[in-house]
Amino acid sequence: MSNSSPKVLIVGGGFSGIAAAKKLHKSGISFQVLEARERLGGRVFTKTLTEDLYVDFGGQWIGPTQDRMYELCREYGIEYFETYNQGKNILDLRGKIKTYTGVIPKIDLFSLLNLDWVIRKLERLARQIDLNSPWSHPKAGEFDSQTLEDFLRKNSKTNACYQVIRVGCETIFACELHELSLLHALFYIKSGTSLDCLINIKNGAQLHRIKGGMQTIVDKMAEAFPENIRFNSPVRKIEKTDSGILVISDSGSFTCEKVIFAVPPPLLEEIKIFPGLSEEKKNLIKDYPMGRVGKCFMIYKSPFWRKSGFSGQAVSDGITPFQTLFDCSPANSNYGILMGFTIGNRAKSYFELSKEDRKSQMQKLLVSYFGSEAAKSIRYEDFTMTDETWSRGCYAALMPTGAWTNFRDSYRKSADPFFFAGTEAATRWHGYIEGAVLAGEAAANEVLISLKK
Ligand SMILES: Cc1cc2nc3c(=O)[nH]c(=O)nc-3n(C[C@H](O)[C@H](O)[C@H](O)COP(=O)(O)OP(=O)(O)OC[C@H]3O[C@@H](n4cnc5c(N)ncnc54)[C@H](O)[C@@H]3O)c2cc1C
């Protein structure tokens, strides 16, 4: 039994689904968003811990060339502030701790020259990729048959170079580097402007954080149409019938004319769709795994490390749980927060420990970096979307070897009346919140064109 008949049904209330909804709302088209969770934001999740303390368990940063995100901040009067980025950074190679300033870690000259060469090579190859058709590069077959790990091993002539570039790339992609195709890595780098932009705070993707947390933006976007959003409504089945498309969710059924899917690929695969998705899309999403990352927060009364000239940033190779650490204190510095990214296999092992052991491991490490004051934390929190039914991992799904050349752009290709959004459908800022917004708006535009036909 149908309980409503909107023209367009949007599956998923993350940034992408809500960006699509915003566009349809502006155009006066009736729509309904069905969201599986009891909140908006999906892979963006701001957790309020106390009245004056929050942490972003999911996406948190924006930076230059993410123009839509800055426009949204301006539109809703949302303030952002610069990520703390002053003082000494830590490089921890096999427990040998060194400090450095700027972006270049203190490694021997030969390794440093090698590192610069590898980065330049990745940048140069990435610039050659056409974002609309990565498979059209003359060497696409060669790039798509090797992993990013293969490339880094081949081009790193010293262990120090390999370790530093590996940790940087793991932080960018949130996976083990043998899990993604070199062609996807090159596409992703170009999509996010450059490796330099992806890796950096200054002039890079980690430049700004949102006052009040990233979820504030998506909540504001949806304020204009609360009655069009239904929570706790996972969509299970979609069927084309003589009277339209029947969408069956846990909170009821709907008939509509068009559907926008704005969910991560593993969740798209679980929706029963009749008649089904294209063979190419079906084959792609069978093996389109999500990255794996956890965010771990040690919370203090103040950012004490700043007084001793530390930035709070650290980079570490295999023997610690964290690839990288950042200062994630609030804008007013009312608290001090150090956030560690644990990624890939390190995240798997870390989250097998009890929360108490995880806290004690992180605290011990922070004492070794920042001194005894690091033992005086007031709270520890961590979170990974890998265990979340409605995310299955993060930051995004990653194309394994062969996927771009075999399946091309089948993921984002619409098949009227079905349209596909989500950050995985983005060409620009693919994998990021900006990409999610752009893909949502693009899918809504396609729907608007199709409705006019
Ligand atoms: C730890 C972490 C750190 C990150 N850091 C950053 C960062 O700093 N900057 C940045 O730009 N990006 C970052 N990202 C990536 C960014 O968060 C995502 O790219 C973006 O939020 C994806 O948005 P989306 O709308 O495409 O998908 P999602 O946010 O995944 O939204 C999909 C929605 O669909 C819902 N859903 C799923 N299945 C169904 C179903 N069957 N029926 C109904 N609803 C369903 C889900 O509940 C979810 O709300 C990070 C991600 C993570 C997890």
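Two strands are taken to pair if DSSP finds at least two bridges between them. In the present model, which is predicted, strand E11 (residues 235-241) and strand E12 (residues 244-249) satisfy this criterion, being joined by six bridges in the antiparallel sense. Within this pair, threonine 241 has glycine 244 of E12 as its bridge partner. Both strands belong to an open sheet of four strands with the order E13-E12-E11-E15 and mixed pairing. The edges of this sheet are formed by strand E13 (252-256) and strand E15 (272-274); each has a single partner strand, so one side of each is left without a neighbour in the sheet. With direction ignored, neighbouring strands of the sheet are turned by 15° against each other on average.

A further open sheet consists of five strands in the order E10-E2-E1-E14-E21, and its pairing is parallel. Strand E10 (229-230) and E21 are the edge strands, each pairing on one side only. Strand E14 (residues 258-261) runs parallel to E21, and three bridges join the two. Phenylalanine 261 is placed opposite phenylalanine 420 in E21.

Antiparallel pairing is found for several other strands. E16 and E20 run antiparallel and are connected by six bridges, with cysteine 296 standing opposite aspartate 382 in E20. Of the six residues of strand E20 (residues 379-384), five are buried, so the strand is largely enclosed by the rest of the structure. Two bridges link E17 to E18, again in the antiparallel sense; here alanine 314 has leucine 325 of E18 as its bridge partner. E18 also pairs with strand E19 (residues 336-343), in an antiparallel arrangement over four bridges. In that pairing, aspartate 327 has leucine 338 of E19 as its bridge partner.

In a regular strand the side chains alternate between the two faces of the sheet. For strand E18 (residues 324-327), Thr324 and Phe326 point one way, while Leu325 and Asp327 point the other way. All of these residues are buried.

Aspartate 327 is also involved in the surroundings of arginine 306. The latter lies in the loop between strand E16 (293-300) and strand E17 (310-316). With a relative accessible area of 21%, arginine 306 is classed as partly exposed, because burial requires a value under 20%. Residues up to four places away in sequence being left aside, arginine 306 touches Tyr84, Asp327, Ser329 and Ser333. Its side chain makes a polar contact of 2.9 Å with the side chain of aspartate 327. A polar contact of 3.2 Å joins the side chain of arginine 306 to that of serine 333. Between arginine 306 and phenylalanine 370, the C-alpha to C-alpha distance is 9.7 Å, at a separation of 64 residues in sequence.

Histidine 430 occupies a position in the loop between strand E21 (418-420) and H15. Its relative accessible area is 2%, and histidine 430 is therefore buried. A polar atom of the histidine 430 side chain lies 2.8 Å from the backbone oxygen of alanine 426. Beyond residues up to four places away in sequence, histidine 430 touches His184, Phe187, Tyr188, Ser191, Tyr288, Thr423 and Glu424.

Thr423 reappears in the surroundings of the ligand. There are 38 residues around the ligand, of which Glu35, Arg43, Val235, Thr423 and Gly431 come nearest. Backbone atoms contribute polar distances to ligand oxygen atoms at several positions. For serine 16, a polar backbone atom is 2.9 Å from an oxygen atom of the ligand. For glutamine 60, the corresponding distance from a polar backbone atom to an oxygen atom of the ligand is 3.1 Å. For glycine 42, a backbone N or O atom lies 3.5 Å from an oxygen atom of the ligand. On its own the ligand has 1,000 Å² of accessible area, and the protein covers 98% of this. Helix H1 (15-26) and helix H15 (433-452) are the elements that give two or more residues to the shell around the ligand.

Methods:
Residues are numbered from 1 along each chain as its sequence is written. This is a predicted model: local features need pLDDT of at least 70, side-chain atom pairs count only at pLDDT 80 or more; totals for chains, interfaces and linings use all residues. Side-chain values use heavy atoms; hydrogens and water are left out. Buried means under 20% relative accessible area, exposed over 50%, partly exposed in between (1.4 Å probe, protein chains only). Contact means heavy atoms within 4.5 Å. A polar contact is a pair of N or O atoms within 3.5 Å; within protein, one must be able to donate a hydrogen and the other to accept it, and residues adjacent in sequence count only if both atoms are side-chain atoms. Axes are lines fitted to C-alpha atoms, for helices over the stretch in contact, and angles run from 0 to 180 degrees between N-to-C directions. A residue is near a molecule or strand if one of its heavy atoms lies within 4 Å of it. Accessible areas come from the Shrake-Rupley method with a 1.4 Å probe; for residues, only the protein chains shown count as cover.
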